[in-house]
Amino acid sequence: MLGVGIDWAGSFHDVALGRPGEGVIGQFRIEHGPAGVGRLVSRCLELEPDPAEVRVVLETRHGLLVEALADAGFTVLPVNPDLVARRRGPAKKKDDAEDARICCLLALDQYAELRKLIPHGETGTELRAIARDDERAARDERRIGNRLRADLLAVFPAAVDIAAGDLGAPVFLKLLERWPPAAALAAASRDEIEAFARSCRHGWPGRFADRVTGAMAAPRLAARPELARAKAGAIRLAAAQLLAIRAQRREWARRMGELLLGAPRYGRDKTPKDPAPGKAFPGGEIYLSMPGLGDRLAARIAGEIGEHPEQFTTPNALQCYAGRAPVTRRSGRSEFTIARRLACNRHLGEAVQQWAFCSLSRSGWAREFYDTKIAAGDTHHAALRKLGNRWLEVLWHCLDKGACYDEATHAANRNRFLRQAA
């Protein structure tokens with residue numbers, strides 16, 4: 001067996017090689033690129049011909065370097081940077097070469113319980129990337145929408161009434177893109193506005209035109225002309241950005257449903273046409289059968305778990321990975337405390353928290369569980385974390401048995417367990 005420790009960086013990587021019983025036998029630095037990684041792989045295979053016996057420890061589980069090492073057949077063992085920091089000695093001195101040596105010793109430690117990285121497949125990689133990009137785009141959409149609302153209240157308050165509470169409506173955003181200043185929209189005739197709404201395929205172009213003309217005719221405090229001219233470009237830009245984000249998120253949602261079920265989903269009931277199970281994400285139907293999980297949220301959770309849920313040998317392992325399982329601490333006379341788990345997959349943890357919230361209106365036992373925790377004195381987010389913990393346990397069992405979720409079956413099993421516990 002050959003142990004490899006890597007302290008990765010943006011342009012170069014420090015590497016330490018070691019063998020059991022000998023410790024670290026060599027250290028060197030490689031550049032970040034095909035030549036440097038190829039030199040590292042060749043050096044490792046010279047010392048250990050079996051790539052599966054090459055144990056690589058580094059402080060990340062993502063990136064081109066990790067993918068290249070996994071493609072070479074090496075056993076990649078990602079660790080938390082805090083694990084390396086705790087072994088730096090009393091001085092806690094940070095040194096790249098020393099961190100590589102510590103990672104190498106971790107790879108050689110037969111008692112260190114390090115979890116092997118199981119790379120995502122083709123479908124899982126695309127699903128995770130799309131889901132993360134969609135989540136980031138949703139945050140950008142909220143941020144730009146808030147900025148647009150502030151600009152409109154400052155120079156174009158009539159537009160807020162025209163939106164009628166929906167600043168993200170496509171017709172409204174196209175209206176701002178065409179007439180960003182209030183003066184330009186006030187100069188447009190009703191027939192012109194109605195024709196515009198009809199070109200945007202609005203369901204009631206006449207009603208929309210009446211709402212616009214009525215909002216523009218209402219008396220309001222006038223903004224300074226120079227400020228209105230200055231803000232016109234920002235309003236047009238925000239409207240164009242929101243339209244682009246909305247269109248891209250709609251395309252991502254369609255692709256997520258296609259990856260989960262192996263075929264695009266059509267109609268009001270969102271059923272796939274001619275599904276291909278061989279092209280679908282493993283367990284995609286199971287994720288979508290969970291209350292509160294639609295295409296977007298199911299894709300976020302499935303993409304983070306990956307195609308190999310069997311790597312989580314117990315429900316608690318999945319809960320710890322998502323950060324839902326609390327960390328308990330007790331030392332000497334100190335009282336028993338429960339702390340939030342920080343070393344976790346935060347993308348999965350945030351998705352599970354949202355899943356727990358969405359399930360409150362779609363699952364009877366979930367609502368009962370949440371109300372019980374709130375009555376016991378828990379905060380809203382604490383109750384959702386505990387509910388998400390339960391949902392992950394249910395999801396693990398469904399994936400383990402290959403069975404879709406059934407509300408009646410789970411409710412019966414839960415009631416039977418509660419009667420036995422009582």
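The exercises below work through a predicted model of one protein, from its overall form down to single residues.

Residues are numbered from 1 along each chain as its sequence is written. In this predicted model, local features need pLDDT of at least 70, side-chain atom pairs count only at pLDDT 80 or more, totals for chains, interfaces and linings use all residues, and side-chain values use heavy atoms, with hydrogens and water left out.

**Exercise 1. Overall form**

Task: State how many helices and strands the protein has, and decide whether it is more spread out than a compact globule or not.

Solution.
- Step 1. Helices (H or I, at least four residues) and strands (E, at least two) are DSSP runs, numbered from the N terminus. The protein has 18 helices and 9 strands.
- Step 2. The radius of gyration is taken over C-alpha atoms, and the globule rule is 2.2 Å times the number of residues to the power 0.38. For 422 residues the rule gives 22 Å, and the radius of gyration is 28 Å, well over that value, so the protein is more spread out than a compact globule.
- Step 3. The C-alpha trace spans about 85 × 60 × 55 Å along its principal axes.

**Exercise 2. Surface, contacts and charge**

Task: Find the share of buried residues, the share of contacts that join residues at least 24 apart, and the numbers of positive and negative side chains.

Solution.
- Step 1. Buried means under 20% relative accessible area, exposed over 50%, and partly exposed in between (1.4 Å probe, protein chains only). Of the 422 residues, 41% are buried.
- Step 2. Contact means heavy atoms within 4.5 Å. Among contacts between residues at least 6 apart in sequence, 59% join residues at least 24 apart.
- Step 3. Lys and Arg count as positive and Asp and Glu as negative, while His and the chain ends are not counted. The place of a charge is taken as NZ of Lys, CZ of Arg, CG of Asp or CD of Glu. The protein has 64 positive and 52 negative side chains, and the centres of the two sets lie 6 Å apart.

**Exercise 3. Aromatic pairs**

Task: Classify the pair Phe-312 and Tyr-321 and the pair Trp-365 and Phe-369.

Solution.
- Step 1. Rings of Phe, Tyr and Trp (its six-membered ring) pair if their centres lie within 6.5 Å; planes under 30 degrees apart count as stacked, over 60 as edge-to-face and the rest as tilted. This rule gives 7 aromatic pairs.
- Step 2. For Phe-312 and Tyr-321 the ring centres are 5.1 Å apart and the planes are at 40°, so this pair is tilted. Phe-312 and Tyr-321 are both buried.
- Step 3. For Trp-365 and Phe-369 the distance is 6.4 Å centre to centre, with 75° between the planes, and the pair is edge-to-face. Trp-365 and Phe-369 are 4 residues apart in helix 16 (residues 364-375), so about one helical turn separates them. Both residues are buried.
- Step 4. Trp-365 and Phe-369 belong to one aromatic cluster with Trp-355, Trp-391 and Tyr-405.

**Exercise 4. Two aspartates**

Task: Decide for Asp-71 and for Asp-134 whether the residue is buried or exposed.

Solution.
- Step 1. Asp-71 lies in helix 2 (residues 64-71). Its relative accessibility is 68%, so Asp-71 counts as exposed.
- Step 2. Asp-134 lies in helix 5 (residues 122-155). Its relative accessibility is 3%, so Asp-134 counts as buried.
- Step 3. Leaving out residues up to four places away in sequence, Asp-134 touches Arg-249, Trp-252, Met-256 and Arg-296.

**Exercise 5. Positive phi**

Task: Locate Ala-164 and Arg-201, and give the phi value of Ala-164 and of Arg-201.

Solution.
- Step 1. Ala-164 sits in the loop between helix 6 (157-163) and helix 7 (170-178). Its phi is near 55°, a positive value in a residue other than glycine. With a relative accessible area of 58%, Ala-164 is exposed.
- Step 2. Arg-201 sits in the loop between helix 9 (190-199) and helix 10 (205-217). Its phi is near 65°, again positive in a residue other than glycine. With a relative accessible area of 79%, Arg-201 is exposed.

**Exercise 6. Far in sequence**

Task: Describe the surroundings of Pro-315.

Solution.
- Step 1. Pro-315 is in helix 14 (residues 315-322), and it is buried, with a relative accessible area of 15%.
- Step 2. Pro-315 and Trp-396 are 81 residues apart along the chain, and their C-alpha atoms are separated by 5.7 Å.
- Step 3. Not counting residues up to four places away in sequence, Pro-315 touches Glu-393, Trp-396 and His-397.
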